[in-house]
Amino acid sequence: MNTTLRTTSGTVYLVGAGPGSLGLITVRGVECLKEADLVLYDYLANPAAVEHAPDGAELVCLGHHSTGRNLSPGEIVDRMIAEARSGRKVVRLKGGDPFVFGRGGDETDALREAGIPFEVVPGVTSGLAVGSLCEIPITHHDEASAVALVTGHERDDKTESHLDYEALAAFPGTLVIYMGVTRVAKWSQALIRHGKAPDTPVAIVRWCSRAQQQMVRSSLKTVTDVVTKSGLRPPALFVVGDVVKRSPQLSWFAERPLFGARILVAGSADTSRKLRDRLAVLGADVISQPAVRITEPADWAPVDAALDRVEQYDWMVFTSGNGVDRLVQRLFDRGEDVRRLGCVKLAAAGSGTAERLARYHLHADAVLGQFHLESLAHTLVEVAGGHRFLLPGASRGRQALAEALATAGGRVDQVDVYDSVDVDEPNPDVETALSLDEIDWITITSANTARSLVRLYGDGLRRAHLASISPMTSAALRDLGYETAVEASPHTATALVDAILHCGRPNR
């Protein structure tokens, strides 16, 4: 019986995360992550991929045996079975493809035996991705009509090798060797001993598809010395064959303008995701730090009351894209749509907020060219006298604007359409990267994010260049004793990326 068709309360998804780049996970893989209750992910899977999981999902990094992984393969299977039996949707996220040196067969055998429904989602294996990302034509009409994927490190408990080095040495194509760093002398010498030409070109590629991707060339006879002298560590692949000679010194992947730059993206999950995607396309290695969490307000009653009488207001003023999203979503939840706002003028702080309104086909009647409260207040104060204003936004903020409008004779109501809550604990990986001067840029997208980051990391922020999205954010940083290296203009995520791109990777 096909266990994937049984109806039970829990399911396991074995998902290939691809070679490392977040953009190379499949659409189906993302769909599974979005439905997960528990994600068990390997160290080779890009940790940013788990951000596709919903709020409240349990995220467990399994690490690697060399760093003290606390679960053995058998214990991982037991955990998957137990969690599925309790009714949870479990995603087992693996680097590459689950069935290419990923123990996928062992895990599906155990799940089938236990009667657990499962699905296997293929991933792009690094042995194939390396060709496109390093421009090594692993198949070529003149050089190689076949590719062999080979392990360079068989299990230690095997009594005999399953590798036929005589056949591999005579293989009429390209060899791609996984997990070969620690046993490089063994497999390279075995190939030469069985007839492979010592001068056969070899490309060593570390962290394939990541921003820190590194490629080193050698020959079969020198590869051991090259690995030793360069200090190359796993994860790395070895491409063995004449096709290596056809690759350029610098591939398209490594020529991208931010290749190798490491950038910490901080803020709400939505904003961070947009920045991360744009920066990653340009070659940056992006780390996400949720400095704030966007949550529903404690009570929707004041918002509902304001919407019930929205025709009594002259202006509705949005100071952030999150405010736009949350108010419109509340309209939808009430069974209404944006037509409900047709009776009120809309003001947007900055072009980014205006663009968010435009997504819902709402036109901003006033857009402030400079995203700071003084400019916003000045523009609206001119029409404030005798008018009523509704300010939907976060549970903190907007006081200066409200006071300026009230002083000018306006009647102001503020409602919380979302809560902006500080993250309590620093990310230890971020702390380590800052201490080692491994972060080039930190993007800061709000005053609240600035305050949260300073609270979490303090002087560690001085070890990187700060990129601010607006004058308001820059002012908050200055008040805290920190200077920005760049400020976006206009004050949007796209302009913030452009500002970093203009400077490139800073010299330290």
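Which residues point one way from strand β2, and which point the other way? Leu38 and Leu40 point one way, while Val39 and Tyr41 point the other way. All of these are buried. Strand β2 covers residues 38–41. In a regular strand the side chains alternate between the two faces of the sheet.

This is a predicted model.

## The chain overall

The chain has 508 residues, and 52% of them count as buried. It holds 17 helices and 21 strands. Contacts often link distant parts of the sequence. Among contacts with a separation of 6 or more, 70% come from residues 24 or more positions apart. The chain exposes about 23100 Å². Carbon and sulfur atoms supply 49% of that area.

## Strand β2 and its partners

Strands of a sheet pair through backbone hydrogen bonds, either parallel or antiparallel. Strand β2 pairs with β3, residues 58–61, in the parallel sense. That pairing has 4 bridges. Here Leu40 stands opposite Val60. Strand β2 also runs parallel to β4, residues 89–94, and 4 bridges join them. In β4, Val90 is the bridge partner of Leu38.

## An open sheet and a helix on it

Another topic is an open sheet of 5 strands. Its order is β12-β11-β19-β20-β21, and the pairing is parallel. Which strands stand at the edges? They are β12 (285–289) and β21 (486–487). Each has a single partner strand, so one side of each is left without a neighbour in the sheet.

Helix α15 packs on this sheet. The helix touches β11 (262–266), β12 and β19. Its direction makes about 135° with that of β19. Strand β19 spans residues 441–444, and β20 spans residues 465–468. These two strands pair in the parallel sense over 4 bridges. Trp441 stands opposite His465 in β20.

Ser452 belongs to helix α15, which covers residues 447–457. Is Ser452 buried or exposed? Ser452 is buried, because its relative accessible area is 0% and the limit for buried is under 20%. Beyond its neighbours within four places in sequence, Ser452 is in contact with Ala291, Val292, Asp422 and Val423.

## Ala169 and Leu149

Ala169 lies in helix α5, residues 165–169. At 10% relative accessibility, Ala169 counts as buried. Which residues does Ala169 contact, leaving aside its neighbours within four places in sequence? They are Leu191, His194, Gly195 and Lys196. The C-alpha atoms of Ala169 and Arg193 are separated by 8.7 Å. Along the chain, these two residues are 24 residues apart.

Leu149 lies in strand β6, residues 147–151. Leu149 counts as partly exposed, because its relative accessibility is 34%. Leu149 also helps to make a nonpolar surface patch. The other members are Phe101, Leu128 and Met179. The patch has an area of about 340 Å².

The table sets out the accessibility of three residues.

| Residue | Relative accessibility and class |
|---|---|
| Ser452 | 0%, buried |
| Ala169 | 10%, buried |
| Leu149 | 34%, partly exposed |

Key
Residues are numbered from 1 along each chain as its sequence is written. This is a predicted model: local features need pLDDT of at least 70, side-chain atom pairs count only at pLDDT 80 or more; totals for chains, interfaces and linings use all residues. Side-chain values use heavy atoms; hydrogens and water are left out. Buried means under 20% relative accessible area, exposed over 50%, partly exposed in between (1.4 Å probe, protein chains only). Contact means heavy atoms within 4.5 Å. Accessible areas come from the Shrake-Rupley method with a 1.4 Å probe; for residues, only the protein chains shown count as cover. Two strands pair if DSSP finds at least two bridges between them. Axes are lines fitted to C-alpha atoms, for helices over the stretch in contact, and angles run from 0 to 180 degrees between N-to-C directions. Patches are made of residues with over 30% relative accessible area and no salt bridge: like charges are joined within 9 Å, nonpolar side chains (Val, Leu, Ile, Met, Phe, Trp, Tyr) within 5 Å. A salt bridge is a side-chain nitrogen of Lys or Arg within 4 Å of a carboxyl oxygen of Asp or Glu.
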